[in-house]
Amino acid sequence: MKDFLNFIDGEFVATGKTFENRSPADNRVLGRVHEAGRTEVEAAVRAAKQALRGPWGRMSVAKRVELLYAVADEINRRFDDFLAAEIADTGKPESLAAHIDIPRGAANFKVFADIVKNVPTESFEMTTPDGGTAVSYALRSPVGVVGVVCPWNLPLLLMTWKVGPALACGNTVVVKPSEETPATATLLGEVMKAVGVPDGVYNVVHGFGPDSAGAFLTQHPDVDAITFTGETRTGEAIMAAAAKGVRPVSFELGGKNAGIVFADADFDKAVAGITRSAFENCGQVCLGTERVYVQRPIFERFVQALKAKAEALKIGPPEEPGVGLGPLISREHQQKVLGYFERARAEGATVVTGGGVPPMSGAWAEGHWVQPTIWTGLPETSALVREEIFGPCCHIAPFDTVDEAIALANDTDYGLATTVWTTDLSTAHRCAREIEVGLCWINSWFLRDLRTAFGGSKASGIGREGGVHSLEFYTELRNVMVKL
Ligand code: NAD
Ligand code: 6OD
């Protein structure tokens, strides 16, 4: 039986307390996860503090950058190990993990190493009251020990999205991966060791949230900053913990994202785009589209075209060729999503397609599958239109005017992302300016340039990461004034 161990001060650490890690595709036991208690979290934070004061804190930027490049190269060298670990933990199609999760896991180290190497700081010269001169310049210092709390939907990608810039800026980290997906964070410990990242710079503690590693980490007074990706209500609990000691937070939270398709859009591209945004990763992408608004002249045609795409998606286990839809992450999450499917029926939705569990054979019948599902006919007040479901489903409603589409998109507590499909430049710009989100895609979805700002508005997050914006969180500016 495989053991998923904590990684503390350069050593893999077992604990007396374990829980099972199961495959979402067939529910088989993948291994035992060693849950960190207060003692292990304490040891990890202490190691991170020492590394900050020691070799990592004293290392030149050039050497640090060299090591982060080596981390990326080692992830790529062990690509197949990372791929196998990620698809075992998540059940997602191999093609998806091979094209997005693992390459981005490596790229997140190189991109931020480059940024840190190349970003200048400001300098001002001024005349002083006595007629002399003074020069001010800024120094960037790391914030310190960063607690990194991660979700399960894109485990390596989202964890390294935080760890890459944190380390590039000279911080040390203690990572708490999701209890559902412990594997790639653990594997990254081997990579750190292999390339010579000093002990204590990268630490991993496994476990759950409340009364477990997540809470112990975020409550720890020597954790200087917390970066978190996950549900909005977990963000509220972490923010309360961070209030003690007035520690900064960076939050990437939930969404209930609108996709808007105008009648002048390239129809086939819009259908293909919404197919991805609604169903990719089995709908378990924070940026995904669970509310689709389609301009009335093309509404019926669009619904039928999306139905055809959804029904053509091959559902199956990760390694099976041509699979486009994997399982949900857990039995609990499957029950939650199926609960929404049931509620849609009870509320009188038209179930255009899906709405249940697909027939699976053999061992796969034990997996957490659901059908890609489309509804129409629900009021905007329905829980299905207001709450994040995080499954392969969307509700489609018609609209008439640009004003109406923007108002519908904004009628939510969330503000993460939108995807707008139109060939009219003015309409596109207007939507981009008026829809209250951190990320607006025009005629595309989840197209990423890692130099750009990423984050959510309203209940979808606090702060922006990506490019130089990550430096705002992972460093503090110190101003030095020199009277000449
Ligand atoms: P979650 O909030 O349940 O868990 C995320 C992490 O927080 C896990 O590691 C969990 O153990 C930990 N945690 C839970 N309670 C905690 C507590 N009280 N203190 C400290 N840690 C705690 O989220 P999830 O189910 O893993 O992920 C899905 C959610 O994440 C969705 O809402 C999705 O929208 C969101 N998400 C957002 C983004 C983004 O960029 N905005 C990206 C991915 C996922
Ligand atoms: O691409 C990224 O950097 C990112 N943070 C993606 C988030 C996806 C949410 O599920």
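A polar contact here is a pair of N or O atoms within 3.5 Å; within protein, one must be able to donate a hydrogen and the other to accept it, and residues adjacent in sequence count only if both atoms are side-chain atoms. With that in hand, here are some notes for you.

This is a predicted model, in which local features need pLDDT of at least 70 and side-chain atom pairs count only at pLDDT 80 or more, while totals for chains, interfaces and linings use all residues. Residues are numbered from 1 along each chain as its sequence is written, chains are lettered from A and ligands numbered from 1 in the order in which they are written, and side-chain values use heavy atoms, with hydrogens and water left out.

1. Let me start with Thr-184. Its side chain makes a polar contact with the side chain of Glu-86, at 3.1 Å. Thr-184 sits in helix 7 (residues 183–195); helices (H or I, at least four residues) and strands (E, at least two) are DSSP runs, numbered from the N terminus. Thr-184 is buried, with a relative accessible area of 1%. Buried means under 20% relative accessible area, exposed over 50%, and partly exposed in between (1.4 Å probe, protein chains only). Leaving aside neighbours within four places in sequence, the contacts of Thr-184 (heavy atoms within 4.5 Å) include Phe-82, Ala-85, Pro-155, Leu-156 and Met-159.

2. Next, ligand 2. Which residues are the closest to ligand 2? They are Arg-104, Asn-153, Leu-158, Cys-286 and Arg-448, out of 13 that surround the ligand (a heavy atom within 4 Å). Polar side-chain atoms of Arg-104 and Asn-153 each lie 2.8 Å from an oxygen atom of ligand 2, and one of Arg-448 lies 2.7 Å from an oxygen atom of the ligand. Taken alone, ligand 2 exposes 300 Å², and the protein buries 99% of that (Shrake-Rupley areas with a 1.4 Å probe; for residues, only the protein chains shown count as cover).

3. Now the open sheet. Its seven strands have the order 15-16-17-14-13-19-20, with mixed pairing; two strands pair if DSSP finds at least two bridges between them. At the edges are strand 15 (350–353) and strand 20 (439–442), each pairing on one side only. Neighbouring strands are turned by 25 degrees against each other on average, direction ignored.

4. Strand 16 (residues 373–376) runs parallel to strand 17 (residues 393–399), joined by four bridges, and Cys-393 is the bridge partner of Thr-373. With strand 15, strand 16 pairs in the antiparallel sense over three bridges, and Val-351 stands opposite Trp-375. Both faces of strand 16 are covered: Thr-373 and Trp-375 on one side, Ile-374 and Thr-376 on the other, are all buried.

5. Two helices to look at on this sheet: helix 11 (residues 299–312) touches strands 13, 14, 15, 16 and 17, and its direction makes about 165 degrees with that of strand 17. Helix 12 (residues 331–346) touches strands 15, 16 and 17, at about 25 degrees to the direction of strand 16. Axes are lines fitted to C-alpha atoms, for helices over the stretch in contact, and angles run from 0 to 180 degrees between N-to-C directions.

6. Finally, Gln-295 in strand 14. Is Gln-295 buried or exposed? Gln-295 is buried, with a relative accessible area of 15%. Not counting residues up to four places away in sequence, Gln-295 touches Val-261, Phe-262, Ala-263, Phe-399 and Asp-400.
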